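Work through the exercises below with the sequence and the model side by side. Each task is followed by a solution that goes step by step.

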Amino acid sequence: TQPPLQFKITYTKADNNPSLPTGKSSPINYLILAIIVIVVLVAAVAGVLWWRGRSKRNTRAARRQAARASSRSAPARKQHGKRTCPECEGPVDSSKFCPNCGAKL
């Protein structure tokens, strides 16, 4: 059998000074860290505001209020003492829906 392949590698540094400074971070590192923190905070605040606005628009009360507002904008019309549907203008009675087209009154 053959012996395993072996390598012998050595390195000698010309001076005793460390290659990287020890114990002290450069100002660039603090600037980068500050920028990252600011970006994360701005994204978090924007996300919270977006989520709160979205949840307010989707509440049951808001949907109910929007439905009432749309029904108020087109109420059943009265012509010569009779109520008519705002969609098909057919005669309607005291119900909540038109008997002809089914539109909400």
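**Exercise 1. Find how much surface the protein chain exposes, and how many of its residues count as buried.**

Keep in mind from the start that this is a predicted model. The protein chain exposes about 9900 Å², and carbon and sulfur atoms supply 60% of that area. Turning from area to residues, 9% of the 105 residues of the protein chain count as buried, where buried means a relative accessible area under 20%.

**Exercise 2. Describe the order of helices and strands, and then the range of the contacts.**

Begin with the count, which is two helices and two strands in the protein chain. Reading along the sequence then gives the pattern α-α-β-β. For the contacts, take those between residues at least 6 apart in sequence; of these, 2% join residues at least 24 apart.

**Exercise 3. Locate the nonpolar patch on the surface and place one of its members.**

The patch is formed by I28, L31, I32, I35, I36, V39 and V40, which together have about 660 Å² of accessible area. Choose I32 as the example, and find it in helix α1, which covers residues 27-57. The relative accessible area of I32 is 45%, so this residue is partly exposed, because that class lies between the limits of 20% and 50%. As a background rule to set beside this patch, nonpolar side chains in soluble globular proteins tend to be buried together.

**Exercise 4. Identify the largest nonpolar core and follow the contacts of one member.**

The largest nonpolar core has five residues in all, namely C85, V92, C98, A103 and L105. Now follow C98, leaving out residues up to four places away in sequence: C98 touches C85, C88, V92, A103 and L105. One of these partners, C88, is partly exposed, with a relative accessible area of 35%, and since a core takes buried residues, under 20%, this value is too high for membership.

**Exercise 5. Examine the segment after β2 through C88 and E89.**

C88 is found in the segment after β2. When its neighbours within four places in sequence are left aside, C88 is in contact with C98, N100 and C101. The C-alpha atoms of C88 and C101 are separated by 6.7 Å, although the two residues are 13 residues apart along the chain. E89 also has its place in the segment after β2 (82-84). Phi of E89 is near 60°, which is a positive value in a residue other than glycine, and E89 is partly exposed, with a relative accessible area of 42%.

**Exercise 6. Which side chains meet in a salt bridge, and how exposed are they?**

A search of the whole structure finds one salt bridge. The side chains of K13 and D15 meet in it, with 2.8 Å from N to O, a distance that satisfies the limit of 4 Å. K13 is partly exposed at a relative accessible area of 34%, and D15 is partly exposed at 36%. In general terms, side chains of opposite charge can pair when their charged atoms come close.

**Exercise 7. Classify the aromatic pair.**

The structure holds one aromatic pair. The rings of W50 and W51 have their centres 6.1 Å apart and their planes at 55°, so the pair is tilted. The step behind this is that planes under 30 degrees apart would count as stacked and those over 60 as edge-to-face. Finally, W50 is exposed, with a relative accessible area of 51%.

Notes
Residues numbered from 1 in each chain as written. Predicted model: local features only at pLDDT ≥ 70, side-chain atom pairs only at ≥ 80, totals over all residues. Heavy atoms only, no water. Helix = DSSP H or I, 4+ residues; strand = E, 2+ residues; numbered from the N terminus. Buried < 20%, exposed > 50% of the residue type's maximum accessible area, 1.4 Å probe, protein only. Contact = heavy atoms within 4.5 Å. Areas by Shrake-Rupley, 256 points an atom, 1.4 Å probe, with all protein chains shown as cover. Core = buried A, V, L, I, M, F, W, Y, C linked by side-chain atoms within 4.5 Å. Patch = residues over 30% accessible without salt bridge, like charges linked within 9 Å, V, L, I, M, F, W, Y side chains within 5 Å. Phe/Tyr/Trp six-rings, centres within 6.5 Å; stacked < 30°, edge-to-face > 60°.
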